[in-house]
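Here's a quick walk through one model, for anyone who likes to see how the pieces fit. Have a look at the fold first, then read on.

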Amino acid sequence: MGKPMPEILHRALFKGVSLLPARGQAVVLRRYFDWWHRSPDPWSLGSDDYEQHKYATTLRLLPARAYRSILDVGCSEGVFTHLLAAEHPEARVTGVDVSERALNRARSRPGPPSLRFTRADLLSFEGSRAHDLVVCAETLYYLGRHDRLRLASARLIDLVHPGGLLLLVHPWPEARELYAHISGMRQVLHHVEHDPRRPFAVTAFEAGPRMSDVNVSRPG
Ligand SMILES: C[S@@+](CC[C@H](N)C(=O)[O-])C[C@H]1O[C@@H](n2cnc3c(N)ncnc32)[C@H](O)[C@@H]1O
């Protein structure tokens, strides 16, 4: 991932944005990321060696299952979303991002009809809860302070069908802090890639049954 500004300043900037009420934060993020995507592929996600290595590592580590419904949250121009769709042709794959400009580029690339892109802010996204794979990569650090991260984590958890997976890919060791609010799920994968360019972690959590889905049978 290219570093347009030192990471410490980058995180401070987005922590500052997260002091706004959630709706205001969403408006600023939408405008910022539409501006950021003013030229195609601003992070060189489609060509950078490090990014290709991260995508290949993630796909290799992803537990082999017959996924039917995949959601990629914070998908930008859909480079990884398209790879997921190619790898899992039997699945309905949806990319979600706050930037319409990024999504228009994602839609303009040839892909299967089962692949679609929807504009939404993670904090208010009212998606279906029926996904057996929810992916969120290189996005959680934009949420800022801990209460927003807690809300975002709750939204992500809620989108995963019981038995499904939440797959997270973020810089290491920052990922430890970013995942502090993932709860009620079982960690089934944790791989740290000690890449000298920038270490990253690929982590998957499996959703248990929802309390509302559990049949409580009364004794005799
Ligand atoms: C660095 S890109 C990651 C792209 C992709 N996940 C990958 O790893 O190749 C981060 C993306 O997150 C999106 N984003 C940031 N905050 C968001 C939010 N609150 N809701 C939805 N998308 C968001 C941005 O628009 C941007 O496209």
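Below are some notes on the sheet, two helices, a few buried residues and the ligand site.

## The sheet

Keep in mind that this is a predicted model. Its sheet is an open one, built from seven strands in the order S3-S2-S1-S4-S5-S7-S6, with mixed pairing. Strand S3 (115-119) and strand S6 (185-193) sit at the edges, each pairing on one side only. Going from one strand to the next, the twist averages 15°.

Take S4 and S5 as a close-up. Strand S4 (residues 131-137) and strand S5 (residues 160-171) run parallel and are joined by six bridges. Within this pair, alanine 137 of the chain faces valine 169 in S5.

## Helices across the strands

Which strands does helix H4 (residues 79-87) lie across? The list is strand S1 (69-73), strand S2 (92-97), S3 and S4, and the helix runs at about 150° to S3. Helix H5 (residues 100-108) lies across S2 and S3, and its angle to S3 is about 170°.

## Serine 69, tucked into S1

Serine 69 lies in strand S1. Its relative accessible area is 4%, so it counts as buried, the cut-off being under 20%.

What does serine 69 touch, once neighbours within four places in sequence are left aside? The contacts are Ala91, Arg92, Ala130, His131, Asp132 and Leu133.

## Two cysteines, no bond

There are zero disulfides here. Cysteine 75 is in none, and the nearest cysteine sulfur, on cysteine 136, is 10 Å away. A disulfide needs the two sulfur atoms within 2.5 Å, so a gap of 10 Å rules this pair out.

Are these cysteines buried or exposed? Cysteine 75 has 6% relative accessibility and therefore counts as buried. Cysteine 136 is at 0%, so it counts as buried as well.

## Around the ligand

The ligand is surrounded by 18 residues, and the closest are Tyr55, Gly74, Asp97, Asp121 and Leu122.

Some polar atoms pair up here too. Glycine 74 places a backbone N or O atom 2.7 Å from a nitrogen atom of the ligand. Valine 98 also has a backbone N or O atom by a ligand nitrogen, at 3.3 Å. With threonine 139, the side chain is involved: one of its N or O atoms is 3.4 Å from an oxygen atom of the ligand.

Terms used. Residues numbered from 1 in each chain as written. Predicted model: local features only at pLDDT ≥ 70, side-chain atom pairs only at ≥ 80, totals over all residues. Heavy atoms only, no water. Pairing = 2+ DSSP bridges. Helix = DSSP H or I, 4+ residues; strand = E, 2+ residues; numbered from the N terminus. Axes fitted to C-alpha atoms, helices over the stretch in contact; angles between N-to-C directions. Contact = heavy atoms within 4.5 Å. Buried < 20%, exposed > 50% of the residue type's maximum accessible area, 1.4 Å probe, protein only. Near = heavy atom within 4 Å. Polar contact = N/O pair within 3.5 Å; in protein donor to acceptor, adjacent residues only side chain to side chain.
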